[in-house]
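Hi,

Here is the structure I promised to pass along. Have a look at it first, and my notes on the aromatic rings follow below.

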Amino acid sequence: TTTTTTASQQSEKGATLLTCLKGIEKSSIFVGFFGEKYGAFVGGGSNSDESLQQSFAVAIKEFPWLKQYRDRSVVDVQTRMVLENFYSGTQKYPFLYFRDPYYIEEVPKKEQRLYKSESSLHLKKLNSLKTEIKNKFPNTQSYNKPTEIVSLVYSDLKSHIEKAFPVLQLTQLQRELFQHKLSQRMFVTDSYITNEENFMILDKHVFGVDNHKHGDDFNSQNVVSTGTGERSSPVFALIGERGVGKSAL
């Protein structure tokens, strides 16, 4: 599920952090990329202290564990939610990637400030977070440049999906049964509206009761009782116009 909200809309409502954490809690896979930026945090010298405080205040109502991390960035607490198992529900599978710090040497000088840590304090917090990640998830990978991310993530997610949902070798009959059940679930039973009169006709056939009255949509044949409680024919033919619900019935 993808929810699109502008940063200004989220900030006005103080819902930025709450929205992020709710999304993580619903997910089973967590993907994170870490460069040299730590992100704004309360007391970090940015102009966003007020909005961050509001965002934390809103999120704490549903995620009380945030109280001890008020001085962290949004990225930090997002990652920590998975790192410290601060979630309920489905297990999370983290895929975390660290960019090589020396990548900045390939960036034009006028753009390098965009890739550097905001301050020495920001860098200290970032390095501390990275150390915790490596200790908890030793298989965390590094990449030299952003162009490598696609192949790394694709390979990791493909392996995870194939392991979590192995391909089953079905026989031809099993494939046909599977397709039939899938079609039934998608197109038949979900939208089927029952007609009690038609069910009564079927019940009477099963129990061997005389049945000459039919529903408006269907015609039944060979539903004949011998008068002794036994049917003269076990065959029941259901006839009706296309799309009236014969298969669902």
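Let's begin with a charge and a ring: Lys125 lies over the face of Phe41, 4.9 Å from the ring centre. Tyr87 has a lysine over its ring as well, with the charged end of Lys92 sitting 5.0 Å from the centre. Bear in mind as you click around that this is a predicted model.

On to rings that pair with each other. Searching the whole structure turned up 7 aromatic pairs. One of them is Trp65 with Tyr69: the ring centres are 6.2 Å apart and the planes sit at 65°, which is over the 60 degrees needed, so this pair counts as edge-to-face. Trp65 and Tyr69 are both buried. They also belong to a bigger picture, since ring pairs link Trp65, Tyr69 and Phe86 into a cluster.

Another pair to pull up is Tyr103 with Tyr115. Here the centres are 5.9 Å apart and the planes are at 70°, so this one is edge-to-face too. The pair links distant parts of the chain, 12 residues apart, with both Tyr103 and Tyr115 in the loop between strand 2 (93–99) and helix 5 (120–136).

And how buried or exposed are these two tyrosines? Tyr103 has a relative accessible area of 14%, and because the cut-off for buried is under 20%, Tyr103 is buried. Tyr115 comes out at 24% relative accessibility, so Tyr115 counts as partly exposed.

Shout if you'd like to go through any of this together.

Cheers

Key
Residues numbered from 1 in each chain as written. Predicted model: local features only at pLDDT ≥ 70, side-chain atom pairs only at ≥ 80, totals over all residues. Heavy atoms only, no water. Phe/Tyr/Trp six-rings, centres within 6.5 Å; stacked < 30°, edge-to-face > 60°. Buried < 20%, exposed > 50% of the residue type's maximum accessible area, 1.4 Å probe, protein only. Helix = DSSP H or I, 4+ residues; strand = E, 2+ residues; numbered from the N terminus. Lys NZ or Arg CZ within 6 Å of the ring centre and 35° of its normal.
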